[in-house]
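Here is a short tour of one protein model, from its overall make-up to its surface and a pocket. Please keep the structure open beside the text as you read.

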Amino acid sequence: MTMYIAREASKVWRKVTAEISAELPLLREKWRLLLAGLICQYIHGLAARGVHYLHRPGPLLQDLGFMALPELGQAKGYLSESLFSSIFISFVLWTFHPFIYHSKRFYTVLIWRRVLAFLVASQVLRIITFYSTQLPGPNYHCREGSKLATLPPPNSVLEVLLINFPRGVLFGCGDLIFSSHMIFTLVFVRTYHKYGSKRFIKLLAWLMAIIQSLLIIASRKHYTVDVVVAWYTVNLVVFFVDNKLPEMPDRTSGLPLLPLSTKEKDIRLKEERDNKLKDEFHKLLNGNHGDPTDRRQRAQMNGRHGEDINHALSEATANGT
């Protein structure tokens, strides 16, 4: 048993080291984009913390989802967070599966560059939206009478920059339209739908996204409009951003195809053009320019003309004698 475990561990380690050697060149090339995406996550958290200073509690707005779905209450508010955590952790683990599994369809560096681009574009729209109009928060800690509903003015810039993590993230108010939880959920689900391989998991992921939406509303963490706007905004953002980004290479063939940079693509195109010009030049020098079928037809025609000329000459010689 010990030998078996050691042998399997050795296989896994070889796969990990092989994948690291394949991913490192991509990381050296794309690390600035990845770092920018992570910094934007902090900026998004900072913006959400900032709008909390502007939040003013008030009566709950009339909401169709609140009428249709029974309120779960504070005791069951963990349900939506538990489901979101399972979606988040499952997706992160899936993106790193190329380091362990033999079959793989993408590079981890490239898929996270794509995911961060989707997240940042959606979060920029979200920040613009919730700063445009502040709505009274429906969550329990954002209602009238709660000490957490409003924040006193900060004593220093450092207090704002630290965003009171994680309490400031969990008990924020004012960052409503549109739901940040749904941004992450829909980006993850759409990414797996495109690059995942299991049809059942794809269907399950969409089902979990729907259940997540209902739980957010039933927990009174967001108004229904926050969830509805997230559904069509995030899907449209992913669609348009995905079309602008270069497509990732498919690794299912087992070939180590790394995506080319712009400089490498230009060099390869130049080499292809030079080779084509050289081929054409050699064809002209050898008199072989043109389609091979045309050359065969011309050779046959030339052969017929030669036979006709020889026949005419033989007839003229006979008549002269």
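Helix 1 gives the largest share of a nonpolar surface patch, namely eight residues. This is a predicted model, in which local features need pLDDT of at least 70, side-chain atom pairs count only at pLDDT 80 or more, and totals for chains, interfaces and linings use all residues. Residues are numbered from 1 along each chain as its sequence is written, and side-chain values use heavy atoms, with hydrogens and water left out.

The protein has eleven helices and zero strands, where helices (H or I, at least four residues) and strands (E, at least two) are DSSP runs numbered from the N terminus. Of its 321 residues, 35% count as buried; buried means under 20% relative accessible area, exposed over 50%, and partly exposed in between (1.4 Å probe, protein chains only).

Back to the patch: its members include Ile20, Trp31, Tyr42, Val157 and Leu161, and together the patch residues have about 1100 Å² of accessible area. A patch joins residues with over 30% relative accessible area and no salt bridge, taking nonpolar side chains (Val, Leu, Ile, Met, Phe, Trp, Tyr) within 5 Å and like charges within 9 Å. Areas come from the Shrake-Rupley method with a 1.4 Å probe, and for residues only the protein chains shown count as cover. A salt bridge is a side-chain nitrogen of Lys or Arg within 4 Å of a carboxyl oxygen of Asp or Glu. Helix 1 (2-52) and helix 5 (157-161) each supply at least two patch residues.

Two residues show how the burial classes work out:

| Residue | Element | Relative accessible area |
|---|---|---|
| Leu161 | helix 5 | 37%, partly exposed |
| Ser180 | helix 7 | 13%, buried |

Ser180 also has a partner from elsewhere in the chain: its C-alpha atom is 9.0 Å from that of Ser122, 58 residues apart along the chain.

Now for the second largest pocket, with a volume of about 580 Å³. On a 1 Å grid over the protein atoms alone, a pocket is an open set of points with protein on both sides within 12 Å along at least five of seven lines, and lining residues have an atom within 4 Å of a point. Its lining counts 24 residues, with Ser90, Trp94, Tyr192, Lys198 and Ile201 nearest the centre. Helix 3 (78-95), helix 7 (180-195) and helix 8 (199-218) each supply at least two of the lining residues, and helix 3 gives the most, with six.

Technical notes
On a 1 Å grid over the protein atoms alone, a cavity is a set of points where a 1.4 Å probe fits but cannot get out, and a pocket is an open set with protein on both sides within 12 Å along at least five of seven lines; lining residues have an atom within 4 Å of a point. Grid points are joined across faces, edges and corners, and a volume is the space filled by probe spheres set on the points.
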